[in-house]
Amino acid sequence: MKKLCAFLIFLASYGGLLAQYHATVTYSTRDGMLSSELSSVFVDSKGYVWTSSASGLSRFDGQSFRNFTVEDGLALNNVYSIREDAQGRIWCNHGESSYNSFFSVIEGERARPIPFTERYGFEATLEYNPYDKELWAVSRGAQGIWVYDPARDTFQLKYQNEEGTIYFFYSADPFRNRLLTIRNNPPSSRAPVDLKKLENGKWEYIVDAPIYNINLLYAFGLPAGGILAVTLKGEWIQYHAESGWTPFIPENKQPDSFDFFDQPGIVQVKPTGRPSVWELIDISARYPLGLKFLFFSNHPITAGLETAKRAPDGTYWIASRNGLIHLFPAFVDCPIRENTWFLSDLHAIAEARDGRVWFGSYTYGFSLFDGKEVRQGPDFTAPYQKVLPGTLLDEKGDMMFWLEGDSSRSVNGLLRLDGESKADWIIRDTLGFFLTRAYDGQIGYGLAGHGLAISTPTPDCPGCKKILGPEKGMKLLNVITAVKDRFGRWWMGRPSAGLACYDPVLDTVFSYLRTDQKLDYGVMSSQMDSRGNLWFGTTHGLCFYPTTKDIDYASFRPREAFIPIGLEEMGPSQVNMLKILDEETLLAGNQQGIALIDLKSFYETGQARVYFFQEKDGYSGPGTEQNCVWVDRKGQVWIGSDAGAHRFNPKYFIRSDRPPAFEVDSLTFGNRAYLMPSVAGKRIRIKQSRYGANLAVFLTPQHDPVRPAHLFFSYKLSSDSTFSTPSKNRLIEFPNLAPGAYTLQVRAHKDGLVSEIREVRFRIPRSFWETPWPWLISAILLAAGYWFLQVNRNRQKMEKNKLQVQAIVNQLNPHFINNALQWVQIRVYKDQEAVSVISKLGENIRLVFKNSREKKAFHSLKEEMLLVENYLFIQKKRFGNQLEYQLPDASQLERFGQVQVPLMQVQIHCENAVEHGIRNKEDMGMVRIGLEGDADYLHITVEDDGIGRRRAGEIGSKGTQQGTKMLENLRDIFNKRNILPITYEYEDDIFLDSKGEGHGTRVHIRIPKSYRYEFD
């Protein structure tokens, strides 16, 4: 287990008002637990948190609860306590006390009952011996210890005791003693309790002096060689050979640092005597003085040593009668309560020379924390009420605060407090919002209406100040934050206005105002790191700016120069506070919480580790106040929010370097599931379902006991250009996916780390009626049937059938067949020409069939021109001398014929030229098709001298536009997958008639020579 520093919260005198408590979060049935009235809590080796109650067992993975009851295989719903064996199985003691007749064991997601008394004839309690890695059933009445054999799934007697009932077992380091208490009489009597240990399978006394009239709970070796015992009343006693049993009172002092011990220890919760205030004590053989934490809870705490457990991340879980409490040693709250109302409207925090922390409120003036409680400021601060943002220590260690006057005392200025008895003005009749000291000692004063003032390290020198105001080019006016970069430039910000930079060489301020609130950056906070680069808290989130010596101020744009950081974890909300904690750590606070940014990881890998804290992580802000942050002499960070003051100790925060990991569990479509990893690496062939076309993918994360609630997932489907916004949802759903082949890519995010990408490949099939085959087959059958009916039936029947077939053909509306058959019905008896038309028609049908079989929506230009030639041939037969056409010559086709083009890309434009341009013309019309090419594009032109698109629209000759719409849809689908797009362009009225009126249309089709059509 990683080491972590701890601190001791000192108790105020009895009856005092303590205003500082460690942060807690409480989970209840509203969060998915079986019951809020808990009997015990247990943290297993994987970091899962288990709770027991009369209603069953609940397991918490950091995000959600998984419950177990008799319906899931438990012997009884009433669970008394929980143990874990060497194989990671979870065991339950059932019943109302530690001894019971039934156990249950949970392996993975399955539970099964073990009727112990029925099998072995006596009651027992389960304990785990970590040094021998044995699960013990300690008997009552049988005077022995039965050890579980996982190979046989049975308990076998291993250690037998003849002298009395074994009452309790405990193992402790460094002595590796297996300590047991042996009681000769019932616990309620005044009989002695003996301490024994197992040595080579034999019972040996540890001390000769028994303990009388005491209910022993735990015992372990002390470094001094004594034995420490904890009573049910929370009393401490120790044994020494010289003095025997004596009370043990830990020294009332705080060690500089404590390592969290990974040996077994005691975690105990007891009342403090103050209403709703509890004390958690963590103690072990290595640290007998213990670690103590105070927390506030209205919930009664469950009695006994099953009450609280330490988790791998250094936090604590506590079982109460009203829910599961999560305690965070890293966070201490000074909440706004009846006795701390003066923390409302908190704007400023600073630490005086005597170590007391001062708070400044805009409504209630000054208050301070003296190490025990938060109280109002001394009498000499009473006249000073409206404290504004901005604090700093002068060269003597005195505190400086900006104040605003009120109606009775119209004094604005910078006030100095020594923290003891004196207050005096440094600046009067000037309003400000910010103070900072640069690396060279210069002080920056953010002023209201006047820009930024900069001075020497001594703030009492009025003549040493230089004002960077409107006369220098400053347009922000109010300066909310400022930072001096390594090249001597001052950067200033105001969230509502923008950013400004003062260049001392040019002696000019360059302002960059927000003209677009959605795009332009306003700046609320700023810091320079140890590498000389800048960090800005903006209206659009946290941003990084790598400074350079030379800047082109004319072309500089913050939204282009700034690099967003931590958007996945923190989001894009305004960052109100920034503070460099050390060379490798930046603290940021926005409107949802606070974050630690690991600068070392950012500079080494380009990807910052960002640890974000919200209420469920111990920070109960929720947001942060404007630059209201202070780091005290102990390295603890004080943060102001709407909820009061919060203290964060970074030493208490355990970081996990484990990359996030997960598996794709299964995929479902309709009512059918496809399990992983049996189909991993393969393309899953989805079967059609009559239960809908919704597809769902289920993800199973690998549990990380450190910050498990911060696991997010993002995904990208096939041609998506970017991954989705990260979400905690472990279910990815796609409603009504169109038929086709897909590749789903999923990745996990945690604290700035990104997992390997998992791919799932699948194919959604088309139903038969969604394929082109029914339409093509129907078209062929209808055409053949129509021809047969025309030849073999009389004119009367032929006319009747013609109308029926025509209605069906109009429904299908295949473009070239429809127009060809209109001519066939007139010229049916002119066999030679009919044969030639049908031949051309059949050639086009075969070409369409070929592409349909290959599931292609594209073919070569040579094939497309064959469609066009056949179509125009048929139309020439139809219109006679009214239509002429001109096609590209053979050399052009030879040059460009192998370029791939979308199906019917030219043919439909030819059809529009004939049907809507030339057909409505009184004299002969001409259709010309041209081909040109350059390095990237094939340029096709379709030109006609018909009436033109404008005139065709006026007379209602538009058609259904289905062909053009199909082309546009096809083009849009393909263009999304390519860099160079297919484009159309129309030229109208390209010819002039004798009256000077325009007519004719030219269509420019540009198709990239290198173009991707395939989807797989």
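Contact here means heavy atoms within 4.5 Å. Keep that in mind as you work through this predicted model.

**Exercise 1.** Describe the surroundings of Trp-278.

*Solution.*
1. Start with the secondary structure: Trp-278 sits in strand 24 (residues 277–284).
2. Next, check burial. The relative accessible area of Trp-278 is 15%, and the cut-off for buried is under 20%, so Trp-278 counts as buried.
3. Now list contacts, skipping residues up to four places away in sequence. Trp-278 touches, among others, Val-269, Lys-270, Pro-271, Phe-293, Phe-295, His-299 and Ile-301.
4. Ser-297 is also on that list, and its backbone oxygen lies 3.2 Å from a polar atom of the Trp-278 side chain.
5. Finally, look far along the chain: Tyr-21 is 257 residues from Trp-278 in sequence, yet their C-alpha atoms are 9.4 Å apart.

**Exercise 2.** Find which residues touch the most other members of the largest nonpolar core, and which strand gives the most to it.

*Solution.*
1. This core holds 43 residues, and those touching the most other members are Leu-280, Phe-295, Trp-317, Ile-318, Leu-324, Phe-331 and Phe-613.
2. Strand 28 (residues 323–335) gives the most, with six residues.
3. Take Ile-318 as a sample: beyond four places in sequence, its contacts include Val-269, Leu-280, Phe-295 and Leu-327.

**Exercise 3.** Decide whether strand 10 (residues 124–129) is enclosed or open, then find its partner.

*Solution.*
1. Five of its six residues are buried, so strand 10 is largely enclosed by the rest of the structure.
2. Strand 10 pairs with strand 11 (residues 134–139) in the antiparallel sense, over six bridges.
3. Within strand 11, Trp-136 is the bridge partner of Glu-127.

How values were computed:
Residues are numbered from 1 along each chain as its sequence is written. This is a predicted model: local features need pLDDT of at least 70, side-chain atom pairs count only at pLDDT 80 or more; totals for chains, interfaces and linings use all residues. Side-chain values use heavy atoms; hydrogens and water are left out. A nonpolar core is a set of buried Ala, Val, Leu, Ile, Met, Phe, Trp, Tyr and Cys residues joined through side-chain atoms within 4.5 Å. Buried means under 20% relative accessible area, exposed over 50%, partly exposed in between (1.4 Å probe, protein chains only). Helices (H or I, at least four residues) and strands (E, at least two) are DSSP runs, numbered from the N terminus. A polar contact is a pair of N or O atoms within 3.5 Å; within protein, one must be able to donate a hydrogen and the other to accept it, and residues adjacent in sequence count only if both atoms are side-chain atoms. Two strands pair if DSSP finds at least two bridges between them.
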